Amino acid sequence: MSENLLEVKDLHVQYNTDDAVVYALNGVSLNLKEGEKLGLVGETGAGKTTLALSVLRLLPKVGQIASGSISYKGEELLDKPESYMLGLRGRRVSMIFQDPMTSLNPVKSVGDQIREVLDLHFPQLTKEAKNEKVDQMLQLVGIPASRKNEFPHQFSGGMKQRVVIAMALISQPELLLADEPTTALDVTIQAQIMALMGQLKDRFNTAVLLITHDLGLVAEFCDTVAVIYSGCIVESGTVEDIFSGKNNHPYTKGLIGCIPDLSKDEDRLHPIPGHMADARTLPSGCPFADRCANAMDKCRKERPEAFSEGTHTVFCHLFDNMRGGV
Amino acid sequence: MKKRVKKPLSEYSTGELVLYRFRKNKLAMLGVAMFLFVTLMILIAPLIRPYDMVVKQNIADRLQGPSSQYLFGTDELGRDLFSRILYGGRISLFCSLAIIAIAFVSGALIGGAAGFFGGKVDTVLMRIVDMLMSVPSALLAMAIITALGNGVWKLVLALSIGQIPRFARMVRSSVITLRNMEYVEAARCFGISSMKIMLKHILPNGIGPIIVSATLTLGAVILSISSMGYLGLGVASPTPEWGTIISENKVNIQYYPYLGIFPGICIMLTVMAVNFIGDGLRDAFDPKSKN
Amino acid sequence: MAQALVEAVDLCKYFKTPKGLLHAVENVNFRIQEGKTLGVVGESGCGKSTLGRTVLRLHKATSGKVLYEGKDILSFSRSEMHNVHRNMQMIFQDPYSSLDPRMSIRALIGEPLSGLPRSERLSAAEEKEKVDAIMQMCGLPLHYANMYPHELDGGMRQRVGLARAMVLGPRFIVCDEPVSALDVSIQAQILNLLMDLQDEHKLSYMFITHDLAVVRHISDDIMVMYMGQVVEYAPSHMLFSSPMHPYTVALLNSIPTIDLSRRGRERITIHGEISSPVNPAPGCRFAPRCPYATEECRNEHKLVEVEKGHFAACTKGVK
């Protein structure tokens, strides 16, 4: 079994704004093995992006990692100096953002922007070697090398996201953090981009943390899944564990129920009632208790312990008896 | 005695909310206080010092520093600086406010029409504005005053024409941005007339930055009145006016700095006060600002 | 056949651009019966939003007709338009930008009433009553009335958007991607609300979206558009069980699904991307990306009734 590449343990992150403290992550633990594709699923405000930014230590100024640990290849990132992080970001860990329109510099040619990564992390390479690598990379992401002198506005949305992927992968990182990489794109383009990411991942054996709100995307692309709600991981496991429909967390079950099924005719959808709790107050019990149809008194008071069955872990009091039985 | 019942904020009407937010804003209230003080002093000037003092020369007492007799000292002709500043405020403050108001209203009308209707209306109006802008505003004002003749109101007219282009351009660009907002399209969809859309959606959303810019322009306008005065146009010595007071004393400021400091402070306080008020207004009209 | 509530006949909308004429909507025909929903599906830039806006006269149509109860609303004079505003409404995609940030929820919902002709204006008390009723109907707690849009979350704002459209008591609503900006759990709430309102008030919808899963759920008929052209138009179940046009097939195939048995399915990925139909060549606009394109595809594009009620411009997608 391969080693854990990234290990996040009991991470608490808060944003100290002028008005209030916003608790963005409340004890998140996550493991990612080398070459693994992990899908982090959650809705707006669940803390998905905060987690990715914490790993890179790129939280905005008001953001503060209150406690927990993030270890990368066995090294604790939270104790490292900023200089160490500079060598890590973009070299060993890359990130792709949601909006390809704004993550490229409009006044620089795409070739130059990709080469910049090499200038920064591989200064020893000759100019020719760098240019050759840029050409190769562009071809890998399906852009003719002849277009490298063009500017971002000359590319369509999908093509821009290809450029961003080329930038992220040219240093052959061990870990790619992809934050909603296809949300701004059309479905047919999304299919192309996800296929491309799959191929490149296999080629470079990069581990991928795919952050998305789209369960379907995770089911098709990832090996393992973690479902995040209100800054807490509520369920994790392999794709089979999650989508086989057995022993799901009520939130996951609710999310799956919200998706209109293409293969069935249904009259009404089954929405999750209510909306996500205000992140300015720390929940005492299960964060989902207020919206959960199965909530018990215990759910509002105690944080549920993990219930594990092989690779599948659920944080829910409904499974307490089952734990006792084993 | 009638007891005032405090009702919860959620029941306030929009107007009451604006007033509430404005009064909560400490800087804005300070601005109001400062502005009221300056205005009051200017209005009751005749009660404090007779107009005589403004023009009466007293060579024996020339270039005296501040004292109990001459609160702010005297200039090289021995005139009381305090009286000159008191009476000078009338022209400085009221003319500059009038200039800003005229420029603001006509600029908003021109820019609003250009932005909202677009097309030919836009092209014609904006080319006229460009023509106005291509002439340096001081030169333009001089030409107008020369044509119309000297006088305070003619000065106001001349200087406000020079300020129209900046307001027109600013209003036009914000109207164009707002015109394409989805909520304006939604209002169209409900059959709301253009005039109503302009008044209910575009004006309240676009006015904030323009008010702030108008208040910031005030200082520049006070100074441009004085530069006109220096050129002998509009207000000329011995009629006092804050800018003119500084410029007529400029030879002596190096050795008698109070001659520049006191009128300078007056200009600064007024501009600051108006600016605070403008900032406060902008925040008060914005429902996103904290209650 | 019963008279349709809303019908489009050869509707075209071209935009003048510096590069040439952009054919945003080309010869679109559809009929929507009372109480039914037409889903309009396509990727960004396919002209679906333009179509919705042209139907409501927010854009001036280049040619063609839009019939409401048999009358061409495109020829209405300004004074006749308030009939259109009362009966035909729109819900916008972005609940953030379609509400004026400076108006309270009550003022926003009451705004459409202020556009009525003078003789039909309501008194302040009547208006308040009406707004309260509409808020309840759309699932908005009454204490939201004095709040401002920025204090509400996306789902609640979209309910405000819906309340605004409902306040005049329309019979037809164009829904332009009403749930695309929302989280899935909220999306389902809004979709259910739309369907409940439809049942209660016999509303007709034109539901514009890029999301096939959503559109299947809510629509009776579905129209698939590609670069301004309608490529397939069929009752919902037919379109999903037997899609014919290669583009429809590709679109259906591209949707990620949580059904693990479909994980390893053979994919027909279509290459290239949608461009904009400026001075388009004749024939099928999908041809440059189509795996089955032949020479004749570049000549003609015409919807043909392949089976009863199922129109397709091409049947090469059938396996």
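Chain B and chain C touch through 19 residues of B and 23 residues of C. Keep in mind that this is a predicted model. Chain C also meets chain A, with 35 residues coming from A and 33 from C. Below is a quick run through both contacts, then chain C itself and its helix H6.

**Where B meets C**
- The contact brings together 19 residues of chain B and 23 of chain C; on the B side, helix H9 (182–189) and helix H10 (194–230) each put in at least two residues.
- H9(B) is the top contributor to the side of chain B that touches chain C, giving seven residues.
- Sorted by class, that side of chain B holds nine nonpolar, five polar and five charged residues.

**Where A meets C**
- Here the contact draws on 35 residues of chain A and 33 of chain C. On the chain A side, the elements giving two or more residues are helix H6 (187–204), helix H7 (215–221), helix H8 (239–243) and helix H9 (250–258).
- H6(A) gives the most to that side, with seven residues.
- The class split for the side of chain A that touches chain C is 18 nonpolar, eleven polar and six charged.

**Chain C overall**
- You'll find nine helices and twelve strands in chain C.
- Its radius of gyration is 21 Å, close to the 20 Å from the globule rule for 319 residues, so chain C is as compact as a globular protein of that length.
- Along the principal axes, the C-alpha atoms of chain C fill a box of roughly 65 × 50 × 45 Å.
- Buried residues account for 48% of the 319 residues in chain C.
- Take the contacts in chain C between residues at least 6 apart in sequence: 67% of them join residues at least 24 apart.

**Helix H6 of chain C**
- H6(C) runs over residues 184–201, which is 18 residues, and spans 26 Å from first C-alpha to last, close to the 26 Å expected at 1.5 Å a residue.
- Its buried residues are C:Val184, C:Ser185, C:Ile186, C:Gln187, C:Ala188, C:Gln189, C:Ile190, C:Leu191 and C:Leu194.
- Within chain C, the buried residues of H6(C) pack against helix H5 (154–166), strand S7 (172–176) and helix H7 (212–218).
- Those buried residues also pack against H9 of chain A, and H9(A) is among the helices that give two or more residues to the side of chain A that touches chain C.
- Right after H6(C) comes C:Lys202, with a positive phi near 50°.

Note on methods:
Residues are numbered from 1 along each chain as its sequence is written. Chains are lettered from A and ligands numbered from 1 in the order in which they are written. This is a predicted model: local features need pLDDT of at least 70, side-chain atom pairs count only at pLDDT 80 or more; totals for chains, interfaces and linings use all residues. Two residues are in contact if their C-beta atoms, placed from the backbone, lie within 7 Å. Helices (H or I, at least four residues) and strands (E, at least two) are DSSP runs, numbered from the N terminus. Ala, Val, Leu, Ile, Met, Phe, Trp, Tyr, Cys and Pro count as nonpolar, Asp, Glu, Lys and Arg as charged, and the others, Gly among them, as polar. The radius of gyration is taken over C-alpha atoms; the globule rule is 2.2 Å times the number of residues to the power 0.38. A residue is buried if 20 or more other C-beta atoms lie within 10 Å of its own, exposed if 12 or fewer, and partly exposed in between; C-beta atoms are placed from the backbone. The expected span of a helix is 1.5 Å times one less than its number of residues.
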